[in-house]
Amino acid sequence: MATSAQQIRAWRGPAIFRYGFRPFFGLGALYAGLSILFWLPLLHGHLATSSVFVPVDWHVQDLLFGYLAAGLTGFLLSASPNWTGRLPVQGLPLLALVLPSALAVIGALPSRRPAPGLPSFSLDTLSQLLLP
């Protein structure tokens, strides 16, 4: 029987789906950097949107339900194998955790309103329910 370290090393898929922190930390950092490029002009009045949020509320919502959730999920998926002795989530199960979060962010991008046909509020809820 293979040890857990051997099973982890045996993963042959994309490296980003080898450990739980990789997609969540990477996509969270990418989104944080890109959203600043949108939020600063919005805050200073150089960019107008038909958003349901005022700029500060949009920022708070994105920090709490986007960036914080991604960071917390990445941390818990990385730490739980050490705490429990179980194998880390990797591959398709990890992708199944990443996709609802990514779809929630993408679905809410057009003017921070739920996109027609893509209820971002339900995707946000689903992504929060899937937190480890």
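I began with V56 and found that this residue has its place in helix α3. I noted that I am reading a predicted model. V56 comes out as partly exposed, because its relative accessible area is 47%, and partly exposed covers values between 20% and 50%.

Next I looked up which surface feature V56 belongs to, and I found a nonpolar patch on the surface that V56 forms together with I36, L40, L43, V54, V60, L64, F65 and L68, with about 760 Å² of accessible area together. The elements that give two or more residues to this patch are α2 and α3, the latter running over 55–84. I also noted that α3 supplies the largest share, five residues.

I then turned to helix α2, which has 23 residues and reaches 31 Å from its first C-alpha to its last, close to the 33 Å expected at 1.5 Å a residue. When I checked its course, I found a kink of about 30 degrees centred on I36, a residue that I had already listed in the nonpolar patch. After α2 comes G45, and I wrote down that its phi is positive, near 80 degrees.

Which residues of α2 are buried? I listed P23, F24, G28, Y31, S35, W39 and L42.

From that list I picked S35, which is found in α2, residues 21–43. I count S35 as buried because its relative accessible area is 14%, and buried means under 20%. Last, I looked for a partner of its side chain, and I found that a polar atom of the S35 side chain lies 3.1 Å from the backbone oxygen of A32.

Notes. Residues are numbered from 1 along each chain as its sequence is written. This is a predicted model: local features need pLDDT of at least 70, side-chain atom pairs count only at pLDDT 80 or more; totals for chains, interfaces and linings use all residues. Side-chain values use heavy atoms; hydrogens and water are left out. Helices (H or I, at least four residues) and strands (E, at least two) are DSSP runs, numbered from the N terminus. Buried means under 20% relative accessible area, exposed over 50%, partly exposed in between (1.4 Å probe, protein chains only). A polar contact is a pair of N or O atoms within 3.5 Å; within protein, one must be able to donate a hydrogen and the other to accept it, and residues adjacent in sequence count only if both atoms are side-chain atoms. Patches are made of residues with over 30% relative accessible area and no salt bridge: like charges are joined within 9 Å, nonpolar side chains (Val, Leu, Ile, Met, Phe, Trp, Tyr) within 5 Å. Accessible areas come from the Shrake-Rupley method with a 1.4 Å probe; for residues, only the protein chains shown count as cover. A salt bridge is a side-chain nitrogen of Lys or Arg within 4 Å of a carboxyl oxygen of Asp or Glu. The expected span of a helix is 1.5 Å times one less than its number of residues. The bend at a residue is the angle between axes fitted to the seven residues ending there and the seven starting there.
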